[in-house]
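Trainee: I would like to learn how to read a structure like this one, feature by feature. Could we start with how strands are paired?

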Amino acid sequence: MKKALVCGAGGFIGSHMVKRLKKEGFWVRGVDLKYPQFSPTQADDFVIGDLRDPALCRHVVDMKFDEVYQFAADMGGAGYVFTGENDADIMHNSALINLNMLEACYRRNIKRIFYSSSACIYPKYNQEDPANPNCAEESAYPAFPDSEYGWEKLFSERLYLAFHRNYGMEVRIARYHNIFGPEGSWNDGREKAPAAICRKVAMAEDGGEIEIWGDGQQTRSFLYIDECLEGTLRLMRSDWTGPVNIGSEEMVTIDQLAYLVMEIAGKKIRVRHIPGPQGVRGRCSDNRLIKKKLGWSPSYPLKEGLKKTYAWIEEQVKKLNLQEKREDKSNETQEN
Ligand code: NAD
């Protein structure tokens, strides 16, 4: 039986990856600071621990794994990454995790390790025109990411590539572009635009109003989780290191994203633009390299992914409302 280790298995992408690897018949060990929030893990073994600790990394890499996936990072959406308030933690925590994991895998002679980098490594100066962002892989240098999160990702990409060059480790590096789907952060301050907009629309009355950070004209592309997993596995099992974009080429403005969600919800809602952290003006995946190297690129329409995500978030909102009503009722009974 093949064995896989998933670091960050309590998070959004990691918990979905565990499910996918189990479907493929792997024995899976997950590691994270926490269990997945929204459904029980399907991992055969789940270690709760801190990957900033080198001893913990050595402990979880105590046998030969066929595939190691490194998703653990201190991260979140614009409200977490672009305010500047979390920069020291983001850089320090994520760099330590990557340094420790590579060292532990090298000691165990683990050959194949996947690293989840990000579109946030691309230079700010190529993403100022919302209609024409440049995110071709080779445009990463001269480097000028717009966040410390992006700088740490770039440093870690180089770290993985150095272990590949010097120690012959088969590393695989993907630059993810805004992955979304059910069972991701939606109301804890780390949520990204699709989940945040789905939540706001689900909570708003028909005819009501929602707030959007910025002028709504900033552009992005969003990739549904199943496509992210598919691309990751294809890259992992290919004979090519990357780094490569794993993202969608279906670029939309944030306002268009909001109107798409309203259409799915069957609600007419006004949008009010307010100041807030936004990141670069434009960003979209460039899939020429992945098509050339892997003969595959994502094709699932944004709207289909949003339908599934909206349905899940609407359910979470209903559960939360029900819980609040129950708490109000029990408070009333206690007061009486
Ligand atoms: P996530 O925050 O849901 O998952 C990350 C997990 O890492 C969390 O469960 C967290 O508890 C865990 N973690 C953090 N510090 C840890 C530590 N010290 N020890 C053990 N576990 C720790 O994020 P995600 O959306 O699943 O992203 C997974 C990876 O993909 C991350 O590296 C992220 O930077 C990268 N990425 C994600 C996106 C996206 O749109 N989701 C885009 C680009 C890159």
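Trainee: Which residue of strand 11 does Arg175 stand opposite?

Mentor: Strands of a sheet pair through backbone hydrogen bonds, either parallel or antiparallel. In this predicted model, Arg175 stands opposite Asn245 of strand 11. Strand 6, residues 170-176, runs parallel to strand 11, and three bridges join them.

Trainee: What is the strand order of the open sheet?

Mentor: The order is 3-2-1-4-5-6-11, seven strands with parallel pairing. At the edges are strand 3 (45-48) and strand 11 (244-246), each of which pairs on one side only. From one strand to the next, the twist averages 20°. Helix 4, residues 87-107, lies across strand 1 (3-7), strand 4 (67-70) and strand 5 (112-118), and runs at about 170° to strand 4.

Trainee: Strand 2 holds an arginine, Arg29. Is Arg29 buried or exposed?

Mentor: Arg29 is buried, because its relative accessible area is 8%, under the 20% cut-off. Its side chain makes a polar contact of 3.0 Å with the side chain of Asp62. Beyond its neighbours within four places in sequence, Arg29 also touches other residues, including Leu5, Val47, His59 and Phe65.

Trainee: How do I check a helix, and how far apart are the end C-alpha atoms of helix 10?

Mentor: Compare the span expected at 1.5 Å a residue with the distance between the ends. For helix 10 (residues 302-335), with 34 residues, the expected span is 50 Å and the end C-alpha atoms are 49 Å apart, so the two agree. Among its buried residues are Leu302, Tyr310, Trp312 and Val317. The buried residues of helix 10 pack against strand 7 (179-180), helix 6 (193-203), strand 10 (223-224), strand 12 (251-253) and helix 8 (254-265).

Trainee: And how many of the twelve residues of helix 7 are buried?

Mentor: Nine of the twelve are, so helix 7 is largely enclosed by the rest of the structure. The buried ones include Glu227, Cys228, Leu233 and Met236. For helix 7 (residues 225-236), the expected span is 16 Å and the end C-alpha atoms are 16 Å apart, which agrees.

Trainee: Why is Cys228 not bonded to Cys120?

Mentor: A disulfide is a covalent bond between the sulfur atoms of two cysteines. The cysteine sulfur closest to that of Cys228 is in Cys120, 14 Å away, so the gap is too far for a bond. Cys284 is in no disulfide either, as its nearest cysteine sulfur, in Cys135, is 7.3 Å away. With a cut-off of 2.5 Å between sulfur atoms, the count is zero disulfides. Cys228 is buried, at 0% relative accessibility, and Cys284 is buried at 11%.

Trainee: What about the backbone: which peptide bonds are cis?

Mentor: Most residues other than glycine have a negative phi, and most peptide bonds are trans. Here the bond joining Tyr141 and Pro142 is cis, with omega about 0°, and Pro142 sits in the loop between strand 5 and helix 5 (148-167). The bond from Gly242 to Pro243 is also cis, with omega near 0°; Pro243 is in the loop between helix 7 and strand 11.

Trainee: What is the phi of Asn109, and what is that of Glu183?

Mentor: Asn109 has a positive phi of about 60°. It lies in the loop between helix 4 and strand 5 and is partly exposed, at 43% relative accessible area. Glu183 has a positive phi near 65°. Glu183 is in the loop between strand 7 and helix 6, and at 17% relative accessibility it counts as buried.

Note on methods:
Residues are numbered from 1 along each chain as its sequence is written. This is a predicted model: local features need pLDDT of at least 70, side-chain atom pairs count only at pLDDT 80 or more; totals for chains, interfaces and linings use all residues. Side-chain values use heavy atoms; hydrogens and water are left out. Buried means under 20% relative accessible area, exposed over 50%, partly exposed in between (1.4 Å probe, protein chains only). Two strands pair if DSSP finds at least two bridges between them. Helices (H or I, at least four residues) and strands (E, at least two) are DSSP runs, numbered from the N terminus. Axes are lines fitted to C-alpha atoms, for helices over the stretch in contact, and angles run from 0 to 180 degrees between N-to-C directions. Contact means heavy atoms within 4.5 Å. The expected span of a helix is 1.5 Å times one less than its number of residues. A polar contact is a pair of N or O atoms within 3.5 Å; within protein, one must be able to donate a hydrogen and the other to accept it, and residues adjacent in sequence count only if both atoms are side-chain atoms.
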